[in-house]
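Q: I've only just opened this one and would like a close look at a single part of it. Could you pick a spot, take it slowly, and then show me how the rest fits around that kind of place?

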There are 2 protein chains.
Amino acid sequence: MGSNYAGFQRQPGKTTVQGTLEAALQLITGERTAVIGSGRTDAGAHALGQVCAFSTASALPPDTFRRALNAHLPDDLAVISACEVDADFHPRFEAVRRTYRYLIWNRETRSPFWQGRAAQVRVPLDERRMDEALQLLAGPRDMSSFVPARTTGSRVRTIFSASCRRDGDLITIEIAASGFMRQMVRALVGTVIRVGTGRLDLADFQRVVDMAHRPAAGDTAPAHGLYLVRVDYDLAVPQTNHSAAAAEFVAAPSHEEIQ
Amino acid sequence: MGSNYAGFQRQPGKTTVQGTLEAALQLITGERTAVIGSGRTDAGAHALGQVCAFSTASALPPDTFRRALNAHLPDDLAVISACEVDADFHPRFEAVRRTYRYLIWNRETRSPFWQGRAAQVRVPLDERRMDEALQLLAGPRDMSSFVPARTTGSRVRTIFSASCRRDGDLITIEIAASGFMRQMVRALVGTVIRVGTGRLDLADFQRVVDMAHRPAAGDTAPAHGLYLVRVDYDLAVPQTNHSAAAAEFVAAPSHEEIQ
């Protein structure tokens, strides 16, 4: 759970997922090792299936690393599985698909259960309309409307699937894509929420996408509703697909130093 | 969520649900009012749908009470709905059915998401066998095997339904009964877990029930997996049935002091 972390990436004087993993590894191996993640996550966002890699001179078997890391990590961070990979494996550059989930607690009354784990929207949302809007995104898309204007490089990402469903008062948005830019999911969710309230219809939503201009879209939804669900690779990294486990997945002690 | 509370019932020097509700009510009405719950809950256990009642001389409408209470209560406690009832309504004595849920995180690796919200069992459990054992309980039962030896009064309770299901690594046990005695669900879950590991078969389980003797049963499962889901009455108290909301339900500002 990301609630207690200033995001993934190591920052001086702040508790981050990367820094916490590196400190645990140092206790186990005595080495100062850089942990590479599949991507940054925002402060307050969560990961159910992050993939990380590190290099070590240690001969400990991967599953011993898993257990030793779990013994040293705080309760809100866990290693689900570990395996050895080629020394040149890079969890960010080699990822071919990432899946994010966004949870909305859609009720006027707050939920103690979902506090810090889902974003509350007090007015009723039409999840079917939101689902229809998300379906429009399938395929390669210029996602400029959903990223900060200063974003550099290509803003085209291939959306493999995007959907919205309701279970009682909980709305789940799930998006799988070739890649995600900073704040992309949160800005997209903020815009889809406008569809759910009726402020935008489907044609409006399509226009927002087509304009490829950030001010056209909705507000950035809060980070605490966001979950990195899984990261896929075109290689045999074991993936665990589990519905509600929050955990960090650490792949790959390889036998060379990356840094 | 009950994680931060020493149970429901007011205790000097401890933070309890009852004490917290009474303090919020006093801020709103200026009155010192006793809040009556539908039953005690153990320290660390949770409530998705507790029912409470209080008396007040205030003329505030029930929904105003709901909103004012939510404004004064901490984030881990929320009032889902409120209504006015007869002055002689008692949420404990008039309850005709209570439903409890018990969550088990059944995986060797801990879950940051379910930490403090489900009890971890590391060895694989056979949820179908556990379900079969629970089915055996239907009907009026002497539940002596599942309550402390010192329990006074009749130990017969009518079990309306009892079941077990799995969703990935999460196992949910749900039991609805005419009433529950102290530690009854947790001792029953501890025994059903023995069925799940294969330590008891169904005939063994039946014998444990029939012996009506506490030492025959399993350990008491930890409180943090336990949820009071709902309380039913033979009157028109609105009930909200929601899958995953943790919340406290406060019914009934009536216009007389109970104490």
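A: Let's start with S163(B), whose bridge partner in β8(B) is E174(B). That bridge belongs to the pairing of β7 (residues 156-167) with β8(B), which is antiparallel and runs over eight bridges. Strands count as paired if DSSP finds at least two bridges between them. Strands themselves are DSSP runs of E with at least two residues, while helices are runs of H or I with at least four, and both are numbered from the N terminus.

This is a predicted model, in which local features need pLDDT of at least 70, side-chain atom pairs count only at pLDDT 80 or more, and totals for chains, interfaces and linings use all residues. Residues are numbered from 1 along each chain as its sequence is written, chains are lettered from A and ligands numbered from 1 in the order in which they are written, and side-chain values use heavy atoms, with hydrogens and water left out.

Back to the strand. β7(B) and β8(B) form a hairpin with two residues between the strands, and there G168(B) takes a positive phi near 65°. β8(B) also pairs with β4 (residues 95-105) of chain B, again antiparallel and over eight bridges; here T172(B) in β8(B) is the partner of L103(B). So how enclosed is β8(B), which spans residues 170-177? Seven of its eight residues are buried, so the strand is largely enclosed by the rest of the structure. Buried means under 20% relative accessible area, exposed means over 50%, and partly exposed is in between (1.4 Å probe, protein chains only).

Over in chain A, β8 (170-177) is one of the elements that each supply at least two residues to the largest nonpolar core. Such a core is a set of buried Ala, Val, Leu, Ile, Met, Phe, Trp, Tyr and Cys residues joined through side-chain atoms within 4.5 Å. This one has 49 residues, and I104(A), M130(A), F146(A), I173(A) and I175(A) touch the most other members. α4(A) gives the most to it, with eight residues. M130(A) is worth a click: leaving aside neighbours within four places in sequence, its contacts (heavy atoms within 4.5 Å) include I104(A), C164(A), I173(A) and V192(A). As a rule, nonpolar side chains in soluble globular proteins tend to be buried together.

α5(A) is another contributor to that core. F205(A), V208(A) and V209(A) are its buried residues. They cover an arc of only 95° around the axis, so they sit on the same side of α5(A); the arc is that of the directions from the helix axis to the C-beta atoms. Among what covers them are α3, β6 (139-142) and α4 of chain A. On the other side of α5(A), D210(A) and M211(A) are exposed. At the N-terminal end, D201(A) acts as a cap, with a side-chain oxygen 3.1 Å from the backbone nitrogen of A203(A). Just after the helix, A212(A) has a positive phi of about 50°.

Finally, zoom out to chain A as a whole. It has five helices and 10 strands, and buried residues make up 58% of its 259 residues. Its radius of gyration is 19 Å, which agrees with the value near 18 Å for a compact globule of 259 residues. That radius is taken over C-alpha atoms, and the globule rule is 2.2 Å times the number of residues to the power 0.38.

Terms used. A polar contact is a pair of N or O atoms within 3.5 Å; within protein, one must be able to donate a hydrogen and the other to accept it, and residues adjacent in sequence count only if both atoms are side-chain atoms.
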